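Please open the structure in a viewer and keep the selection panel at hand. The tour below proceeds stop by stop, with a selection to make at each.

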Amino acid sequence: MSGLFDTARLGRLTLPNRLVMSPMGRGRTTVDGTPLPVMAEYYAQRAGAGLIISEATHPGAVAVGHAHSVRLHTGEQADAWRAVVDAVHARGGRILLQIMHAGRVSHPDLHGSQPLAPSAVAAPGTARVFSGAPPYPVPRPMTDEDLARTVDEFVRCAATAVKIGFDGVELHGANGYLLHQFLSPVTNVRTDAYGGGPENRTAFPVEVAAAVARRIGADRVGIRLSPGFPLNGMEEPDRDEVYPVLLDELARLDLAHVHFVAGSDTELVGRLARSWPSTVIVNLGTGPAGTEDTLAAAGKALADGADLLSFGRQFLANPDLPARLRTGAPLNAWRPQFFYSGGEQGYTDYPPLDAGVPAAT
């Protein structure tokens, strides 16, 4: 547990501990992606985290990847998110908005148009739409106008996030979504300035990060990456060449953090983390479910050079995770049947230690 409850810096923030609530889509939205009121209580319950990173949030209609995934590009959505942020801050927490464009991992049933991507390469598998599970279609390669509009969507979403009180943003460059798609020679077969060698394929993610940093300040901006993680059909045969180029370019922007996803190429992540000049967040995945295993995994990650540790399902099921780990208390068991639906059930009804309800081990 050495260091886990020490304070830490992240950009302009001072965090009271090194535990980060990882982004987790939970599906508690209206059909148009507006946060439901119950989201405010859900996030506020977890304000004891050193930092909360919100679920992936879409900056425009065409960016949407799944049914009931949350958005921030209308006034109504901004008002709903403001209630979430205010609730977290009222309990002493800090929260970033994660911004994500799904790219090819989308379907016309979600927004009425052909998905956009670096190239016309369809994602494998089936889409999560409101009715049925159709295969992912072949996306439309992005034009110069599409690229410029998408940068603008990221920037406007980030500016809105800061305006309504978020402490910063994290750009989603992982898990096979749009920014990640530009990095791979399998999903990006462009022949213009955004395709070809590593310098070109990293250009668009860097362009997005630079534009957002200019608008809201680099110390409010981080990025999530998953080198070698095969989710959503990603293949990265030359990741050892691409990611050092990407990290060098991002480091020049003085971003606040880089956040590595569990399941990534651990050897490559280690090398990238050691070269990164600011805060490194490492996600520990869903493996350690018990208190002792979680503490052991956290201690090893900190010893290996992580600055902050992000947890998903552990925070999902334990709104008071920092208190449980600090005292060695057992952890609640998570309930997968309510991960993406169920209203308050399996969302805000996980008992904290002070509720007097025995926790499952």
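Begin by selecting helix 2, residues 75-90, where Gln77, Ala78, Ala80, Trp81, Val84, Val85 and Val88 are buried. Buried denotes under 20% relative accessible area, exposed over 50%, and partly exposed the range in between, with a 1.4 Å probe and protein chains only. These buried residues lie on the same side of helix 2, because they cover an arc of only 165 degrees around the axis; the arc is that of the directions from the helix axis to the C-beta atoms. Helices (H or I, at least four residues) and strands (E, at least two) are DSSP runs, numbered from the N terminus.

The model is predicted: local features need pLDDT of at least 70 and side-chain atom pairs count only at pLDDT 80 or more, whereas totals for chains, interfaces and linings use all residues. Residues are numbered from 1 along each chain as its sequence is written, and side-chain values use heavy atoms, leaving out hydrogens and water.

Rotate to the face of helix 2 turned away from its buried side, which carries the exposed residues Gly75, Glu76, Asp79 and Ala90. Then add helix 1 (38-45), strand 4 (51-53), strand 5 and helix 4, against which the buried residues of helix 2 pack. Contact here means heavy atoms within 4.5 Å. Past the end of helix 2 comes Gly92, with a positive phi near 85 degrees.

Next, display the strands. A barrel is closed by 8 strands in the order 3-4-5-8-9-10-11-12, with parallel pairing. On average, neighbouring strands of this sheet are turned by 25 degrees against each other, direction ignored. Two strands count as paired if DSSP finds at least two bridges between them.

Select strand 12 (residues 308-311), which runs parallel to strand 11 (residues 279-283) and is joined to strand 11 by 3 bridges. Val282 stands opposite Leu309, and Asn283 has Ser310 as its bridge partner. Strand 3 (residues 19-21) also pairs with strand 12 in the parallel sense, over 3 bridges, and there Val20 stands opposite Ser310. Which residues of strand 12 point one way, and which the other way? Leu308 and Ser310 point one way, Leu309 and Phe311 the other, and all are buried.

Move on to helix 10 (residues 291-303), whose 13 residues should span 18 Å at 1.5 Å a residue; the end C-alpha atoms are 18 Å apart, so the two values agree. The expected span is 1.5 Å times one less than the number of residues. Within helix 10, Thr291, Thr294, Leu295, Ala298, Ala301 and Leu302 are buried. They cover an arc of only 130 degrees around the axis and are therefore on the same side of helix 10. Their cover includes strand 12, helix 11 (313-317) and helix 12 (321-327). The opposite face carries the exposed residues Glu292, Asp293, Ala296, Lys300 and Ala303. Gly305 follows helix 10, and its phi is positive, near 115 degrees.

Finally, select Tyr43, Trp81, Val169, Leu171 and Val212, the residues with the most contacts inside the largest nonpolar core, which has 86 residues. Such a core is a set of buried Ala, Val, Leu, Ile, Met, Phe, Trp, Tyr and Cys residues joined through side-chain atoms within 4.5 Å. Helix 7 (residues 203-216) supplies the largest share of this core, 8 residues. Apart from this core lies another, of 12 residues, including Ala67, Met100, Ala123 and Val129.

How values were computed. Axes are lines fitted to C-alpha atoms, for helices over the stretch in contact, and angles run from 0 to 180 degrees between N-to-C directions.
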